[in-house]
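Reader: I'm more at home with gels than with coordinates. Could you walk me through how to read a structure, one feature at a time?

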Amino acid sequence: MKNRALARPFAVIGVWFILALILVWSLAPVVVMVFTSFKPRDEIFQVPTRLLPDVWTWDNFVTVFTASNMPGALLNSIVVGLLVAAATLIFCFSAGYALARFKFRGARPMALFILLGQVVPLTVVLLPLYQIVSSMQLLDTTIGLAFAHLAITVPLVTWMVRNQIAAIPVDLEEAAQIDGGSRFDAVTYITLPICAPGLVAAGMFAFLQSWHEFLFASVMTSSTAARTAPVALTEFANEFSVDWGATMAASVVLTVPLVIAFIALQRYFVGGLTGGAVKG
Amino acid sequence: MAIKPRTGILLGVAGVAVAAIAATVVVNVVNNSGGDENVVTWWVPDWDYDAAVELVAAYEADNPDVSVEIVQTTGDTVANRTAVALDSGNVPDVITESISRVRTYADKEQLADLSGLFGADIPTDDFAPGLVDALTFDGKTYAMPYRWATNALIYNPELFAAAGIDAPPATWDEFVEDAKMLTSGDVVGTAWPMQGEPSDLTLRFLEFAVSDGADIVDGAPELSEDSTQAAVEMIGGSVLDGWASPSSFELDNTAIRELFLQGRVAMYPGGVFDVAEAQAQGAPIATAVLPGLDGAGTALGVGWAHLVPAKSAHLDAAKDFVAFLAEPESMAALTLTFPARISASEDEKFQTPERVAYAEQLAEHSVPAPNDPRWTGSVQAVHDQIQEVALGRKTAEQAASDIQQIVDQAFAE
């Protein structure tokens, strides 16, 4: 008994130590990115390397906002991300509801088949998607890129939503229908409010996927009018050199709004991802 | 049955969203499916954009019935975008692309034959040695080169003077000897780009190997174990011996230049762009041709060219525009390094004293870098072998043998 009591503080210290180690491991690159963004050019390659700048400067951020296409690209990223989130929720809620509620032959294989889209490498689907978007004359447009991003988000989000809906007792919807409502009313007044946190998580997931996606964006957008932020980051690397200060500053600009949004909505995100986990 | 308010709103929002998406597609299809017979689309890397705008204005002034639409690409995205566009058949009319990738596209028959553009106005012998040949396959030339560059030796004359060295090294032995003398305190003799693009390191490796008897035939390196071993020893061994910076493992071209500007790297093989940057920073800098085994070393030429996709909707107009871009004045305007045509090099911006070594290197001691896809596919593996030697895990002899196997296997497939 005494041994166990003694062991407990050590176990707690051990757990905290491991957590601290993981935290440092995860955050170290972000910390380096943030501090590098405030360094003047000659300090970035200073030997020996220092974490904190000797002279703090906003020059790199000024470059990002005044001498690059990043402001427009950030706006494009927001537009594409919102389009993807909205379309994903519309399509995936419909599909997820059908898979969770309707009994039809092949429902289970179809659900698994949809998930296959998540395991296929993006490079494999790049060319077919390019041709589809091209045939719709939507190359180099934000909406065309949003279409392409749906190929990434739809498979997993359909499953997330399907599980959310399956976890809601069907009796609730039946009760609403017995009270005179249609199936649409049951969905609108019962199912949708209950799985709202899950849908927020799904929307965030879709937005995040679109926000940092590079491959499709780099191929399907050619002009600065549709270029998204991850692609605009490559502007700071030219044929002969890389402006690391501006690259880091742009990365900070790209990351910080997302971190703030995630912190604000993280309880929905965690709840949404784990919702329906006990009932498939 | 009456629709409840919230249900109505939900259905309405979903319906409007789907209708908006459908309408957008329809509008785009209607607006863009016609195509404009007089518009040539040109994909340009962003570093050429400003000069490109001026050139296009001049071209359009001379050709009022044609307009050129410029689309900016970036260095990191142009390869992927070009490959997908060519594979899909949905192509622009002119693409500015790296010469190293031309052969890959030509092998797939995705490029238009530009041989007809060469002649009295654009003579092939006005181009850098071997350059047009490197873009000619089965008698057809598939690209119009416009910018061309090699490395030369960049060194810090103040560090050389402080070490008691009065001239840059002319041979490998002198290079090693000087580097050892220069390595002292915070200063190292040289550094290699082992981080970043693997081709940066393998280009230097090949420069040593070619200077020692290896050859480049039809876009592919023909290595011998002796020349490979000597080249690997020169790079990997220098890190082990300490006269090349041990931080080479973390350095790319930009980082090496920055360390040179800080006076921590005394000399390195670098491009002419670095010279301009050093001059802008007021750093001490001088240049010389690369040292070789017994005299001047051979540098590998790399550069950019204009391509016309075979499926271009405006082939004739595109070729005419490329012919305009091949004029000496256009080439001079479009490059910071060196123009592909010798006559274009007469522009005064290519005549500064620091460029003399580069001009000599280009004209007399250079060959085009390999562009065979089987070699470019082996670059990462070759890079890793050189790194193994620098880490002391392999001898130069073992690495040379492994590199030979890697290359043999790639070309056997």
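Reader: Let's start broad. What percentage of the 413 residues in chain B is buried?

Author: Keep in mind that this is a predicted model. The idea is to ask how much of each residue a probe can still reach, and buried means under 20% relative accessible area. In chain B, 54% of the 413 residues are buried. The accessible surface of chain B adds up to about 17,000 Å², and carbon and sulfur atoms own 50% of that.

Reader: Okay, and how many helices and strands does chain B have?

Author: Chain B has 17 helices and 14 strands. Its C-alpha trace spans about 90 × 65 × 50 Å along the principal axes. You can also ask who touches whom: among contacts in chain B with a separation of 6 or more, 75% are between residues 24 or more positions apart.

Reader: Now a single helix. How far does α6 of chain A reach from its first C-alpha to its last?

Author: The general trick is to compare a helix's reach with what its length predicts. α6(A) runs over residues 122–135, which is 14 residues, and reaches 19 Å, close to the 20 Å expected at 1.5 Å a residue. Still, α6(A) bends by about 30°, and the place is P128(A). Just past the helix comes Q137(A), with a positive phi near 60°.

Reader: Which residues of α6(A) are buried, and what covers them?

Author: Look at burial along the helix, then at the neighbors. L126(A), L129(A), Y130(A), V133(A) and S134(A) are the buried ones. Their cover includes α7 (142–166) and α11 (215–220) of chain A, plus α3 (78–88) from chain B.

Reader: How many residues of α10 in chain B are buried?

Author: Same approach as before. α10(B), residues 253–261, is mostly covered, with eight of its nine residues buried. The buried set is T254(B), A255(B), I256(B), R257(B), E258(B), L259(B), F260(B) and L261(B). These pack against α2 (41–44) of chain A, and against β7 (152–155), β10 (267–270) and α11 (272–281) of chain B. Right after α10(B), G263(B) has a positive phi of about 75°.

Reader: There are charged residues in that buried set. Which residue does R41(A) form a salt bridge with?

Author: For a salt bridge, you check how far apart the charged side-chain atoms are, then where each partner sits. R41(A) pairs with E258(B), and the closest N and O atoms are 2.7 Å apart. This pair crosses between chains, going from helix α2 of chain A to helix α10 of chain B. Then compare the two ends: R41(A) is partly exposed at 33% relative accessible area, while E258(B) is buried at 5%. The pair also belongs to a network of salt bridges that links R41(A), R257(B), E258(B), D274(B) and E277(B).

Reader: How many salt bridges are there over all chains?

Author: The structure holds 16 of them over all chains. Here's another: D218(B) and R103(B), with the closest N and O atoms 3.5 Å apart. It links distant parts of the chain, 115 residues apart: D218(B) is in the loop between β8 (215–217) and β9 (220–222), and R103(B) is in helix α4 (residues 102–107). D218(B) counts as exposed because its relative accessibility is 53%, whereas R103(B) is buried at 11%. A further salt bridge joins R393(B) and E388(B), at 3.1 Å from N to O. There, R393(B) is exposed at 58% and E388(B) is partly exposed at 21%.

Reader: What about T77(B): is it buried or exposed?

Author: Don't guess from the secondary structure; look at the accessibility. T77(B) is in the loop between β2 (67–73) and α3 of chain B, yet it counts as buried because its relative accessibility is 0%. Leaving out residues up to four places away in sequence, T77(B) touches F214(A), S218(A), V231(A) and T234(A).

Reader: Last one. Which residues form a nonpolar patch on the surface?

Author: Here you look for nonpolar side chains that sit together and can still be reached. The patch is made of V12(A), V15(A), W16(A), F17(A), I18(A), L19(A), L21(A) and I22(A), with about 830 Å² of accessible area together. Take I18(A) as one member: I18(A) lies in helix α1 (residues 2–37) of chain A, and is partly exposed at 49% relative accessible area.

Key
Residues numbered from 1 in each chain as written. Chains lettered and ligands numbered in written order. Predicted model: local features only at pLDDT ≥ 70, side-chain atom pairs only at ≥ 80, totals over all residues. Heavy atoms only, no water. Helix = DSSP H or I, 4+ residues; strand = E, 2+ residues; numbered from the N terminus. Expected span 1.5 Å × (residues − 1). Bend = angle between axes of the 7 residues up to and from the residue. Buried < 20%, exposed > 50% of the residue type's maximum accessible area, 1.4 Å probe, protein only. Contact = heavy atoms within 4.5 Å. Patch = residues over 30% accessible without salt bridge, like charges linked within 9 Å, V, L, I, M, F, W, Y side chains within 5 Å. Areas by Shrake-Rupley, 256 points an atom, 1.4 Å probe, with all protein chains shown as cover. Salt bridge = Lys/Arg side-chain N within 4 Å of Asp/Glu carboxyl O.
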